[in-house]
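Me: I've got a model open and want to check what its labels rest on. Can you take me through it?

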Amino acid sequence: MSPQIFSENWRRPITILISGLSFVVFLILDFLDNFLCILYRYIDELLEGQASSCYCASKEEQVRNVGGHGEGELSESLYQRKNAFREMGFLGFAKKSRKIGGGAVVNRWSDCGCEPCLSWMNDCDQKLHFVVGEPSPAITDQDCRGKPVENVIFLHGFLCSSSFWTETVFPNLSGRVNRNYRLFAIDLLGFGRSPKPRDCMYTLKDHLEMIEKSVICPFQLDSFHLVAHSMGCLIAIALAAKHSKLIKSITLVAPPYIPSKDGDSLRVLEKLAGRKLWPPFLFGTSFMSWYEHLGRCFCFLVCRNHRMWERIVKLLTRRRDLHFMIMDLTRHTHHSAWHTMHNVICGGAKLMDGYLQVLSKAGVKVVVIHGDKDNVVPLECSNNIQMIVPNAEVTIIKNADHSSVLLGRERDFTRRLERIWESIAC
């Protein structure tokens, strides 16, 4: 028997086995998530005086609970996630959900309470944390050739921070750019050292308003370039469409743009985080994206105790300093990550077509960079953008995945950015 025939004979049984195992595993996870929903309600009420609302409630009830946010701002994926036990009315006897009150500055018991994680509470203005790379001290408003100083805003991806740019691009900028450009690397709302309020739904609107409040308005930016990675690309597209007359260029690195037919955000969730056991990374993504209360458990065990885990990793690796991406993985709360995932990545998809059309009509230079080995964001996402913005420049990096499209090739990536910026006439 040839190896090809042998492999074909075994392929079907293995597929059936994996499908059966997947059904059992996710059925167990469905049960555990429902059980934890009840458990958390009682623990929250015991420790905080009231039970926090969750998305196990009906859509109508939850919309009432979130108060100031309109129904259209919340992603349908928050309510339409399938759960066998919830659909059987498993939570009927415990259907008690209250509006979160006083959560703006009060830390949740299951979130980390260390000083660095709560430092944003000392900021009365509640503005985003960002790193500014100022031009040479000799330069103020214009460079030595009378050319206005350029502004660039960098937006990171999901579970990252401004370090994604300050540790990679900033050190590799040429002297010419350092003299003539002012750079802003932002910690997005709910991540890094930026505020993580509990009374926020982390919608696209929330993210845009905080960027405007923290950077665009205070620094009176009358023009700027945008550079974004992964989830940050969706926020960048929305920001660029809102300020299309100010945008000089927008560079999107691995943009998770899935066209949302008829506003179907659940389709986006299934595309980017389908309920599958293999590969392991996809299982982890689906675990954190589909199960609200299991995800909260993970954040309680890992994010709340991040200092302990960091010491353990340092001890095991015998390193004094950990890689910035490892540090960033825990710099969020479950509330901020959960809502950003659904309301930006999934819910924001229904708005992207309109935003991209605005950029196309405005003639904004759109550049897309994607790795051909990206197993997080499908390569088709970049092709989808080019279908709406025909003039978009799409570059596929060979043998690069979601992170290595930048990491490991920082100098080449930075030179590409500089060429993009310099190609735009002032």
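Reply: Sure. Start with pLDDT, the predictor's confidence in each residue on a scale from 0 to 100. This is a predicted model, and the protein chain has a mean pLDDT of 87, with 87% of its residues at 70 or more.

Me: What makes residues 93-105 a stretch to treat with care?

Reply: On that 0 to 100 scale, pLDDT stays under 50 over residues 93-105. The model does have 35 contacts there beyond four places in sequence. Still, where pLDDT is low, the predicted coordinates should not be read in detail.

Me: Why are β1 and β7 called edge strands?

Reply: Pairing takes at least two bridges between two strands. The open sheet has 7 strands in the order β1-β3-β2-β4-β5-β6-β7, with mixed pairing. β1 (130-133) and β7 (393-397) each pair on one side only, so they are the edges.

Me: How do you know that β6 and β7 pair?

Reply: The cut-off is at least two bridges, and β6 (residues 365-371) and β7 share 5, in the parallel sense. One of the partnerships is Gly371 with Ile397 in β7. Helix α17 (residues 380-388) lies across β5 (247-253), β6 and β7, at about 160° to β6.

Me: What makes a residue part of the lining of the largest pocket?

Reply: An atom within 4 Å of a pocket point. For this pocket, of about 1100 Å³, 41 residues make the lining, with Phe158, Leu159, Phe281, Thr285 and Leu329 nearest its centre. α11 gives the largest share, 6 residues, and the lining divides into 25 nonpolar, 14 polar and 2 charged residues.

Definitions and conventions:
Residues numbered from 1 in each chain as written. Predicted model: local features only at pLDDT ≥ 70, side-chain atom pairs only at ≥ 80, totals over all residues. Heavy atoms only, no water. 1 Å grid on protein atoms, 1.4 Å probe; cavity = no way out; pocket = protein on both sides within 12 Å on 5 of 7 lines; lining within 4 Å. Points joined across faces, edges and corners; volume = space filled by probe spheres on them. Helix = DSSP H or I, 4+ residues; strand = E, 2+ residues; numbered from the N terminus. Nonpolar A, V, L, I, M, F, W, Y, C, P; charged D, E, K, R; others polar. Contact = heavy atoms within 4.5 Å. Axes fitted to C-alpha atoms, helices over the stretch in contact; angles between N-to-C directions.
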